[in-house]
There are 2 protein chains.
Amino acid sequence: MGQKGAETRARILDATQELVEAGGYSGAGLNQVIAASGAPRGSLYFHFPEGKDQLVGESIRRAGQAIGAAFEDLAASGASAAEFAEGVLRHLGDRLEASGWSKGCPVATVALEMAAVSDPLQQACSEVYASWEAALRERLAGRRDADDLAVTVLALIEGALLLAKAHRSREPLDRVTGQLAALLR
Amino acid sequence: MGQKGAETRARILDATQELVEAGGYSGAGLNQVIAASGAPRGSLYFHFPEGKDQLVGESIRRAGQAIGAAFEDLAASGASAAEFAEGVLRHLGDRLEASGWSKGCPVATVALEMAAVSDPLQQACSEVYASWEAALRERLAGRRDADDLAVTVLALIEGALLLAKAHRSREPLDRVTGQLAALLR
DNA sequence: AAAAATATGTAGACCGATCTATTTAGGAGC
DNA sequence: GCTCCTAAATAGATCGGTCTACATATTTTT
């Protein structure tokens, strides 16, 4: 793939992620993706010949990797588990508020919309969550109930992010931060 | 409103809730609602003259009240806070699994899809969550950090339900149950 | 109580807009 | 010269929503 092609491909994925985060899988039309990315229709189906499912699936996996990498950076920074949790929640809160309460978890909306109706997208979401769970498990290794704790931390983050987006307010994130830090102390 | 009218109205709301839980706001078409409820198009717009937004908004509020009432029943049953949490998670897990991983939280999908794009639906979701938070706050009254704790419990439940649906598995609910009980002990 | 009038609800054809996807053609880069 | 990629017209289906005609209750009038 040439350089130009790779760029349009990335622009299409960027636009897709943005639109899907704002309005979900069904809410994000391919016409909007085309308009937002500036790429013509033909390019979209050249780079993603299997259509919308492939496009959104790749977009989710890419976002999952990016966030997973941020997790691991923060985990490797030597911060305590509680500081780590605070950092994650603050970072996600900043992103959510700065986007006008649009960008929460890039996976959650699609997961809820598609888990019951699309096998490939359910699988993509499940795998991204599993990778985050594994990263948290590793960060918490050695603790009692590390496996349960990792899932609990992820659930708490996802739930807080959901409530914050629903209320269009950081309050749920702030309230949860203290409790999460206490849980990890 | 006559008896017959009230029945079709309820059938339309039932079908809407089912379809929205499975595929989200944009994923649930009015044609599907009509087919599933057996009501003709004219009846839909007679009972919900403001269209899809009104229909889904009422559906969410109705589901919110039903679950809120179940919360309060369980809270009034004399169970401890930890038992209460276990009961809620078990009940939600049963519902989720029995529906083929379709019925999680009836509000969450719409909240994530619409919070950034529709003021009336964002408000409806926010109000339902606020009512649940209030119910939990009351159940936890007297505790230290009762307000933070109520939001945390709700976030944990919502997050666990999201992960369970995404993985099509009760495992996240089971893992979180123990941690939530410990948090409330 | 019978009949007329009004409100309530049902039924589906129809509309323009938008959806995802295909196709055919040509330009850009190696 | 040949692959890679762009460009847009087009197709058929489905979308939310409107409209008119009709049926069924419910009330009003006589």
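**Chain A, chain B and DNA strand C**

Helix 3 of chain B gives five residues to the surface near DNA strand C, the largest share.

Biologist: What kind of model is this?

Modeller: The model is predicted.

Biologist: Why is the pair B:Arg175 and A:Asp148 called a salt bridge?

Modeller: The side chains of B:Arg175 and A:Asp148 meet at 2.6 Å, N to O. The rule asks for a side-chain nitrogen of Lys or Arg within 4 Å of a carboxyl oxygen of Asp or Glu, so the pair counts as a salt bridge. The count between chain A and chain B is four salt bridges.

Biologist: Which helix of chain A gives the most to the side that touches chain B?

Modeller: Helix 8 of chain A, with 16 residues. By class, that side of chain A has 22 nonpolar, 14 polar and eleven charged residues.

Biologist: How much area do chain A and chain B bury between them?

Modeller: About 4,000 Å², with 63% of it on carbon and sulfur atoms. In contact are 47 residues of chain A and 46 residues of chain B.

Biologist: What makes A:Lys52 a polar contact of DNA strand C?

Modeller: A polar side-chain atom of A:Lys52 lies 2.8 Å from a phosphate oxygen of the strand. The cut-off for a pair of N or O atoms is 3.5 Å, so this pair qualifies. A:Leu30 has a backbone N or O atom 2.7 Å from a phosphate oxygen of DNA strand C, and B:Thr8 has a polar side-chain atom 2.9 Å from one.

Biologist: How many residues surround DNA strand C?

Modeller: 19 residues, the closest including A:Asn31, A:Arg41 and B:Gly2. By class, six are nonpolar, ten polar and three charged.

Note on methods. Residues numbered from 1 in each chain as written. Chains lettered and ligands numbered in written order. Predicted model: local features only at pLDDT ≥ 70, side-chain atom pairs only at ≥ 80, totals over all residues. Heavy atoms only, no water. Contact = heavy atoms within 4.5 Å. Buried area = accessible area lost by both parts, 1.4 Å probe. Helix = DSSP H or I, 4+ residues; strand = E, 2+ residues; numbered from the N terminus. Nonpolar A, V, L, I, M, F, W, Y, C, P; charged D, E, K, R; others polar. Near = heavy atom within 4 Å. Polar contact = N/O pair within 3.5 Å; in protein donor to acceptor, adjacent residues only side chain to side chain.
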